[in-house]
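Student: I'm new to this one, so could we go through it piece by piece?
Tutor: Gladly; here it is, and we can begin with a single residue and move outward.

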Amino acid sequence: SSNNSVLVSGTSSLWANGSQLLVGNSGSSNSLVISNGGTVANSRGTIGFDTISSNNSVLVTGTNSLWTNSQGLDIGRFGSGNSLVISDGGTVTSATGSLGSLDTATGNSALITGANSLWTNGGALQVGSQGSGNSLVIAGGGTVANTDGNIGFASSASSNSVLVTGANSLWTNSGDLFVGYEGSSNSLVISNGGTVQSGTLFIGGSFSSTGSSNNSVLVTGSNSVWTNSGNLAIGADGSGNSLVISDGGTVVAGNRGYIGNGTNSSNNSVLVTGTDSRWTTTYELGFFSSGNSLVISNGGTVAAGDSLINSSSNTVLVTGAGSTWTNSGSTYVGNSGSSNSLVISNGGTVANNRGYIGYDSNSAGNTVLVTD
């Protein structure tokens, strides 16, 4: 069945379901609109249940318009191309949220846009639980709230994305945030004054999962901010993952920062570039696997307590006037590793309390080059 529609509109207008609500059980292009203060209530909600369920949609729009799911909300359980839009102050509540729940569910989307537009989850939110190419956009002052957040949870979940853009646009994770828990090529972009909050952040794997590769985070533009109350790991146990902070973006880690942490982590990278672009780590910044890199350029800033370029063949480049790497404690180029390097060029600055080039008996071939 296709092209069927329900409209619930106006204050005190209510559609109450004692059990679940499915928009597109086995059909396509079906729609639900909740507007002007209308309310829909159910247990579990699903937009696009079956593999043949595509292009089904829900729109929740206007102040006091509400869709409440006492259990989870799936946008594309098996199906593809399904969508949720929350706009102009509408609200959706759910116990958990998922876009692309199973591996057949691709290209599903959610857009939360406009001041006071809200999607709140009592538990976790997964953008690409098992499916690929699913997307979440938070824009124009919209808000999404949950405990743990995952972009690309399972190994089958690739190329999923989240965009948080515009002043007062907010994604708040009271727990941890994973960009590529086991999946690869997933992305998060924070731009134009958007904000993301989380506990510990992992880009590419976690400290206890199989590593994932080529996941990325971009924080760009003045007042674009990503704050983490815990650790920040780029390549917790994965390879080719990246963080870019540009054009005045800010990343704050409340505890430690890692560029390559697990034994399988290599070729992970951080780039901090542009005036007022900043990465701050309260305690320690460290490299604990091989072949990873940090570049600070064009006036970017990195600040930490102690910093350790450990393991082997890791590199740091600080280049350009105003580019600064400041450590309130010590800087170790090869704390207990070999063939690590620090290059300071073209007016870049590194400042610390103590500096070490090769710290213990296992350190060999570590270098620092200061050049025009």
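Tutor: Serine 29 is a good place to start, because at 33% relative accessibility it counts as partly exposed. Please keep in mind throughout that this is a predicted model.

Student: OK, and where does serine 29 sit in the chain's layout?
Tutor: Serine 29 belongs to the loop between strand E3, residues 21-23, and strand E4. Its backbone is worth a look too, since serine 29 has a positive phi of about 60 degrees although it is not a glycine.

Student: Which other serine has a phi near 60 degrees?
Tutor: Serine 313 has one, again a positive value in a residue other than glycine. You will find serine 313 in the loop between strand E36 (306-309) and strand E37 (315-319), and its relative accessibility of 40% makes it count as partly exposed.

Student: Back to E4 for a second, what about glycine 37, is it buried or exposed?
Tutor: Glycine 37 is buried, with a relative accessible area of 9%, and its place is in the loop between strand E4 (31-35) and strand E5 (39-42).

Student: What does glycine 37 touch, then?
Tutor: If we do not count residues up to four places away in sequence, glycine 37 touches Gly10, Thr11, Ser12, Thr63, Asn64 and Ser65. Serine 12 is 25 residues away from glycine 37 along the chain, and the C-alpha atoms of the two are separated by 7.2 Å.

Student: Let's change topic. What's in the largest nonpolar core?
Tutor: That core has 61 residues, and those with the most contacts inside it are Trp67, Leu84, Trp119, Trp171, Leu188, Trp226 and Trp279. There is also a second, separate core of six residues, among them Tyr181, Phe202, Ala233 and Ala236. As a general background, nonpolar side chains in soluble globular proteins tend to be buried together.

Student: You listed Trp279, so which residue is its bridge partner in E35?
Tutor: The partner of tryptophan 279 in E35 is valine 302. That pair belongs to a wider arrangement, in which strand E32 (residues 278-281) is joined to E35 by three bridges and the two run parallel.

Student: And what pairs with E35 over four bridges?
Tutor: That is strand E38, residues 324-327, which also pairs with E35 in the parallel sense. Within this pairing, alanine 304 has asparagine 327 in E38 as its bridge partner.

Student: Which way do the side chains in E35 point?
Tutor: Thr301 and Ala303 point one way from strand E35 (residues 301-304), while Val302 and Ala304 point the other way, and all are buried. The general pattern is that side chains in a regular strand alternate between the two faces of the sheet.

Student: Why is E28 called largely enclosed?
Tutor: Four of the five residues of strand E28 (residues 242-246) are buried, so the strand is largely enclosed by the rest of the structure.

Student: What does E28 pair with?
Tutor: Strand E25 (residues 216-220) pairs with E28 in the parallel sense over five bridges, and five bridges also join E28 to strand E31 (residues 269-273), again running parallel. For individual partners, valine 217 is matched with leucine 243 in E28, and serine 246 stands opposite threonine 273 in E31.

Student: Moving further along, where is asparagine 335?
Tutor: Asparagine 335 lies in the loop between strand E39 (330-333) and E40, and it counts as buried at 15% relative accessibility. Leaving aside neighbours within four places in sequence, asparagine 335 is in contact with Leu308, Ile309, Asn310, Tyr359, Asp360 and Ser363.

Student: And serine 345, buried or exposed?
Tutor: Serine 345 counts as buried, at 7% relative accessibility, and its place is in strand E40, residues 341-345. Not counting residues up to four places away in sequence, serine 345 touches Leu317, Val318, Thr319, Gly320, Thr371 and Asp372.

Student: Last thing, which residues form a nonpolar patch on the surface?
Tutor: Ile357, Val368 and Val370 form one, with about 270 Å² of accessible area together. Of these, valine 368 lies in strand E43, residues 367-371, and its 33% relative accessibility means that valine 368 counts as partly exposed.

How values were computed: Residues are numbered from 1 along each chain as its sequence is written. This is a predicted model: local features need pLDDT of at least 70, side-chain atom pairs count only at pLDDT 80 or more; totals for chains, interfaces and linings use all residues. Side-chain values use heavy atoms; hydrogens and water are left out. Patches are made of residues with over 30% relative accessible area and no salt bridge: like charges are joined within 9 Å, nonpolar side chains (Val, Leu, Ile, Met, Phe, Trp, Tyr) within 5 Å. Accessible areas come from the Shrake-Rupley method with a 1.4 Å probe; for residues, only the protein chains shown count as cover. A salt bridge is a side-chain nitrogen of Lys or Arg within 4 Å of a carboxyl oxygen of Asp or Glu. Buried means under 20% relative accessible area, exposed over 50%, partly exposed in between (1.4 Å probe, protein chains only). A nonpolar core is a set of buried Ala, Val, Leu, Ile, Met, Phe, Trp, Tyr and Cys residues joined through side-chain atoms within 4.5 Å. Contact means heavy atoms within 4.5 Å. Two strands pair if DSSP finds at least two bridges between them.
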